[in-house]
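Trainee: I have a structure open on my screen and I'd like to learn how to read it. Could you walk me through some features one by one?

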Amino acid sequence: MYILLFGFWLLLNGKITLEICLLGAGIVFCMALLESRLFGYRPADEIRLLKKVPLMIAYVFVLLWEILKANAVVSRCILFKHYKVTPTLVTFRTDIHTEFGRFLLANSITLTPGTITIRVEGNELTVHCLDGAMLDLSENGVFQRWIRRLEA
């Protein structure tokens, strides 16, 4: 992040001189001290996050695929009258540990058509879905499996 901030500093200045580089390095150093003292930030955290970027990109594609599959199911419900829709309210517990992981799970469920997360309290999620079969609540569900990999 510090290299990015320094690069942004140079970009905003428009030219590279010794004075601008020294001033930029001093400002970035002061920001690093401030972040580490106030927020407990460490460069090791950033390196760990950068290693997860390929997993995050893969998760976006998995999410898009699940959205497409759910679109097909909802379209089938709309187009074919013989398909009975049974709206269901489901409450389940997840083993995802981090608050961000639960946030990601709840929003991933909500993004897929036909499902919406109504409530998240601790490890318990309440989801409304058009049909109970639309929601994979197992511990090996697609979203939970990928989010666990992102948490590790």
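**Reading the model, feature by feature**

Mentor: Let's start with the cysteines: a search of the whole structure finds 0 disulfides. Keep in mind as we go that this is a predicted model.

Trainee: Why is cysteine 77 not in a bond with the closest cysteine sulfur?

Mentor: The general idea is that a disulfide needs two cysteine sulfur atoms within 2.5 Å. Here, the sulfur of cysteine 77 has its closest cysteine sulfur in cysteine 129, and that is 11 Å off, too far for a bond. Look at it from the other end and you get the matching story: cysteine 129 is in no disulfide, with the sulfur of cysteine 77 as the nearest one, 11 Å away.

Trainee: And are those two buried or exposed?

Mentor: For that you look at relative accessible area, where under 20% means buried and over 50% means exposed. Cysteine 77 has 13%, so it is buried. Cysteine 129 has 0%, so that one is buried too.

Trainee: Okay, helices next. How do I read the length of helix H2?

Mentor: You compare its end-to-end reach with what 1.5 Å a residue would give. H2 covers residues 18-39, which is 22 residues, and from first C-alpha to last it reaches 31 Å, close to the expected 32 Å.

Trainee: Which residues of H2 are buried?

Mentor: They are Ile20, Gly24, Val28, Ala32 and Glu35. Now look down the axis of H2: these buried residues fall within an arc of 105°, so they line one face of the helix.

Trainee: What about the other side of H2?

Mentor: There you'll find exposed residues: Leu18, Glu19, Leu22, Phe29, Cys30 and Arg37.

Trainee: Now pockets. What should I ask about the largest pocket?

Mentor: Ask about its volume, then its lining. The volume is about 390 Å³. It is lined by 22 residues, and the closest to its centre are Glu66, Ala133, Met134, Leu135 and Asp136. Helices H4 (53-79), H5 (99-111) and H6 (142-151) are the elements that give two or more residues to this lining.

Trainee: Which element gives the largest share of that lining?

Mentor: H4 does, with 5 residues. As for chemistry, the lining of the largest pocket divides into 13 nonpolar, 4 polar and 5 charged residues.

Trainee: Can you take me through the second largest pocket as well?

Mentor: Sure, with the same steps. The second largest pocket has a volume of about 280 Å³. Of its 14 lining residues, Leu49, Lys52, Met56, Phe100 and Leu150 are the closest to the centre. At least two lining residues come from each of helix H3 (43-51), H4, H5 and H6. By type, the lining of this second largest pocket has 8 nonpolar, 2 polar and 4 charged residues.

Trainee: Last one: how do I read distance along the chain against distance in space?

Mentor: Pick two residues and look at both numbers. Asparagine 123 sits in the loop between strand S2 (115-121) and strand S3 (124-129). Its C-alpha is 9.1 Å from that of glutamate 99, though they are 24 residues apart along the chain. Now try isoleucine 67, in helix H4. Isoleucine 67 and isoleucine 47 are 20 residues apart along the chain, and their C-alpha atoms are separated by 31 Å.

Trainee: And how accessible are asparagine 123 and isoleucine 67?

Mentor: Asparagine 123 has 30% relative accessibility, so it counts as partly exposed. Isoleucine 67 has 19%, so it counts as buried.

How values were computed: Residues are numbered from 1 along each chain as its sequence is written. This is a predicted model: local features need pLDDT of at least 70, side-chain atom pairs count only at pLDDT 80 or more; totals for chains, interfaces and linings use all residues. Side-chain values use heavy atoms; hydrogens and water are left out. On a 1 Å grid over the protein atoms alone, a cavity is a set of points where a 1.4 Å probe fits but cannot get out, and a pocket is an open set with protein on both sides within 12 Å along at least five of seven lines; lining residues have an atom within 4 Å of a point. Grid points are joined across faces, edges and corners, and a volume is the space filled by probe spheres set on the points. Helices (H or I, at least four residues) and strands (E, at least two) are DSSP runs, numbered from the N terminus. Ala, Val, Leu, Ile, Met, Phe, Trp, Tyr, Cys and Pro count as nonpolar, Asp, Glu, Lys and Arg as charged, and the others, Gly among them, as polar. Buried means under 20% relative accessible area, exposed over 50%, partly exposed in between (1.4 Å probe, protein chains only). The expected span of a helix is 1.5 Å times one less than its number of residues. The arc is that of the directions from the helix axis to the C-beta atoms.
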